[in-house]
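Colleague: I would like a close look at a single part of this model, namely its largest pocket, together with whatever in the surroundings helps to place it. Please take the time to connect the pieces rather than list them.

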Amino acid sequence: LPVLASAAGDPVAGQQKAAQVCAACHGADGNSSNGQFPNLAGQYEDYLIHALQAYQNGQRKNPVMTGMAQPLTAQEIHDLAAYFSSQKGLRVAR
């Protein structure tokens, strides 16, 4: 039987990647200061992985996020998810 490898995310690598590509919209720690962009901090790791994969494969449609997700490797997706899920999400009154 083939063994499916499950990539473990590295939050440190995820933090470095997030600073390069995510921070401008979603905030350095995943807490966006602009209500137009969702907070990623404190989200479930699996949710973040599935969301990025859905942008890559076209199940989720957003031209900006599709462009950001397309070049990510599977390991980078897991790293980003590990980082953002480990951050404290801030509750924002709307």
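Modeller: A residue is called buried when its relative accessible area is under 20%, exposed when it is over 50%, and partly exposed in between. With a relative accessible area of 32%, Val21 is therefore partly exposed. Please keep in mind throughout that this is a predicted model.

I begin with the frame that surrounds the pocket. The chain contains 5 helices and 0 strands, and its pattern along the sequence reads α-α-α-α-α. Of its 94 residues, 31% count as buried.

Now to the part you asked about. The largest pocket has a volume of about 590 Å³, and it is lined by 26 residues, of which His26, Pro38, Leu40, Tyr55 and Met65 are the closest to its centre. Several helices share in this lining: helix 2 (23–26), helix 3 (45–57), helix 4 (63–69) and helix 5 (74–86) each supply at least two residues, and helix 3 gives the most, with 5 residues. As for the chemical character of the lining, 20 of its residues are nonpolar, 5 are polar and 1 is charged.

The helices that supply the lining can be examined further through individual residues, beginning with helix 3, where Tyr47 has its place. Tyr47 has a relative accessibility of 41% and so counts as partly exposed, since that value falls between the limits of 20% and 50%. Its C-alpha atom is 9.3 Å from that of Ser85, although Tyr47 and Ser85 are 38 residues apart in sequence.

Helix 4 holds Thr66, which is likewise partly exposed, with a relative accessible area of 23%. Between the C-alpha atoms of Thr66 and Gln53 the separation is 9.5 Å, and these two residues are 13 residues apart along the chain.

In helix 5 we find Ile77, and here the accessibility tells another story: at 1% relative accessibility, Ile77 counts as buried, because that value is under 20%. Ile77 and Asp10 are 67 residues apart in sequence, while their C-alpha atoms are 9.9 Å apart in space.

Helix 5 also takes part in a charged contact. A search of the whole structure finds 1 salt bridge, in which Lys17 pairs with Glu76, their closest N and O atoms being 3.3 Å apart. Because Lys17 lies in helix 1 and Glu76 in helix 5, the pair ties together parts that are 59 residues apart in sequence. Side chains of opposite charge can pair when their charged atoms come close. Glu76 is partly exposed, with a relative accessible area of 22%.

Helix 1 brings us back to the residue with which I started, since Val21 lies in that helix, which spans residues 11–21. Together with Val64 and Met68, Val21 forms a nonpolar patch on the surface, and the accessible area of these three residues together is about 230 Å². Membership of such a patch requires over 30% relative accessible area, so Val21, at 32%, meets that requirement.

To return to your request, the picture is that of a pocket of about 590 Å³ whose lining has 20 nonpolar residues and draws most on helix 3.

Methods
Residues are numbered from 1 along each chain as its sequence is written. This is a predicted model: local features need pLDDT of at least 70, side-chain atom pairs count only at pLDDT 80 or more; totals for chains, interfaces and linings use all residues. Side-chain values use heavy atoms; hydrogens and water are left out. On a 1 Å grid over the protein atoms alone, a cavity is a set of points where a 1.4 Å probe fits but cannot get out, and a pocket is an open set with protein on both sides within 12 Å along at least five of seven lines; lining residues have an atom within 4 Å of a point. Grid points are joined across faces, edges and corners, and a volume is the space filled by probe spheres set on the points. Helices (H or I, at least four residues) and strands (E, at least two) are DSSP runs, numbered from the N terminus. Ala, Val, Leu, Ile, Met, Phe, Trp, Tyr, Cys and Pro count as nonpolar, Asp, Glu, Lys and Arg as charged, and the others, Gly among them, as polar. Patches are made of residues with over 30% relative accessible area and no salt bridge: like charges are joined within 9 Å, nonpolar side chains (Val, Leu, Ile, Met, Phe, Trp, Tyr) within 5 Å. Accessible areas come from the Shrake-Rupley method with a 1.4 Å probe; for residues, only the protein chains shown count as cover. A salt bridge is a side-chain nitrogen of Lys or Arg within 4 Å of a carboxyl oxygen of Asp or Glu. Buried means under 20% relative accessible area, exposed over 50%, partly exposed in between (1.4 Å probe, protein chains only).
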